[in-house]
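Reader: I'm new to this structure and would love a close look at one part of it. Could you start from a single pair of residues and build the picture outward?

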Amino acid sequence: MSWGLKRICMTVVLASGCPLAYPAEPLGKPLPETIKVQGIIRSPERATISSRAEGMIDAYYVKTGSKVKKNDTLFQVDLCNLEDRVLIAEQDLLVTEIDLENRKIDLEAQKATSRKSEIDFQRADKLRSSRLISENDYESRYLDYQIAQTKLRQASAAINYAEAKVEQQKRNLTIARKNLSDSRVAAPFDGTVTTRHYKLGEYVSRATAVLHLANYDKLEIYTHISTMYYHRITPGKTKVRLHQTSGQVLEAVITYRAPSSDAASRTFETKAWLGSKPELVYGMMYDMEIILDDNEG
């Protein structure tokens with residue numbers, strides 16, 4: 001364009017009152033590269049609490065939403081029946097212990113009888129050498145001695161049997177007490193009851209999930225990300241922005257990256273620590289942004 005034509009154009013622009021536009025200089029402002037995903041609020045301290053005994057749920061000490069402390073009782077299963085089993089086991093143990101004592105007394109009596117028969121036999125043996133006793137009497141003393149020795153061995157065997165029965169009943173009592181203890185289920189940590197699966201009076205089996213417990217004071221947001229970003233996520237460094245339903249934005253840092261990816265979904269799990277956030281709803285899904293890095297634009 002000739003200089004004259006340029007002057008004409010500038011004159012027209014100035015006459016129209018429009019300002020002259022000049023190319024903008026780069027400001028060097030960082031433009032963060034992000035990916036948008038959704039994450040779910042959970043707690044690392046969460047557990048499905050199952051029954052360790054079989055029977056009816058006799059008592060609930062919590063309801064959905066109840067806050068509990070560690071070792072607080074949550075529910076009780078088949079209390080009366082299990083208490084009766086402990087009582088029966090205690091009585092059975094007492095009976096076997098008494099039987100053992102009686103057999104010990106029998107053994108002492110049999111030892112005395114055996115010693116007496118042995119003395120009689122030894123005397124008969126001496127008399128027989130002097131021909132002062134008949135052969136029939138001698139054989140009777142010998143037979144009595146043999147019978148006494150056999151009864152002595154039987155009494156000793158009965159002691160061993162009675163001792164084994166006592167140990168067996170002790171184990172039965174231990175099991176009965178353990179089952180009674182297991183019927184009372186306590187909280188393994190501080191938390192809140194999120195769900196109750198059974199009603200009072202319903203029957204449950206061992207390992208049946210009865211309720212769910214989670215610690216709302218220790219929250220994390222879990223999400224799964226495409227494996228293409230695996231090496232661009234650094235635990236302790238990569239930041240996330242969580243968008244709440246109120247419009248507020250909560251910032252956090254990824255604290256965990258799965259050591260491997262899932263081959264089927266081609267994703268890997270990450271977690272970001274949030275701590276205690278009463279404004280967040282446990283189990284709810286939130287939109288979030290993961291800031292991969294900062295590029296100069």
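Which residue in β9 is the bridge partner of R46?

Author: Happy to help! This is a predicted model, in which local features need pLDDT of at least 70 and side-chain atom pairs count only at pLDDT 80 or more, while totals for chains, interfaces and linings use all residues. Residues are numbered from 1 along each chain as its sequence is written, and side-chain values use heavy atoms, leaving out hydrogens and water.

The partner of R46 in β9 is A214. Strands here are DSSP runs (E, at least two residues), numbered from the N terminus. β9 covers residues 209–214 and runs antiparallel to β2, with five bridges joining these strands. Two strands count as paired if DSSP finds at least two bridges between them.

Stepping back, β2 and β9 belong to an open sheet of four strands, ordered β2-β9-β7-β4, with antiparallel pairing. β2 (46–50) sits at one edge and β4 (67–68) at another, each pairing on one side only.

Now follow β4 and β7 (191–196) to the largest pocket: each gives at least two residues to its lining. A pocket is an open set of points on a 1 Å grid where a 1.4 Å probe fits, with protein on both sides within 12 Å along at least five of seven lines; lining residues have an atom within 4 Å of a point. The space inside the largest pocket is about 300 Å³, counted as what probe spheres set on the points fill. Sixteen residues line this pocket, and K67, T192, N215, Y216 and D217 are the closest to its centre. By type, the lining has seven nonpolar, four polar and five charged residues; Asp, Glu, Lys and Arg count as charged, Ala, Val, Leu, Ile, Met, Phe, Trp, Tyr, Cys and Pro as nonpolar, and the others as polar.

There is also an open four-stranded sheet in the order β6-β5-β3-β8, again paired antiparallel. Its edges are β6 (184–186) and β8 (203–204); each has a single partner strand, so one side of each lacks a neighbour in the sheet. Strand β3 (residues 55–60) is joined to β8 by two bridges, and these strands run antiparallel. Here you can look for M56, which stands opposite Y203 in β8.
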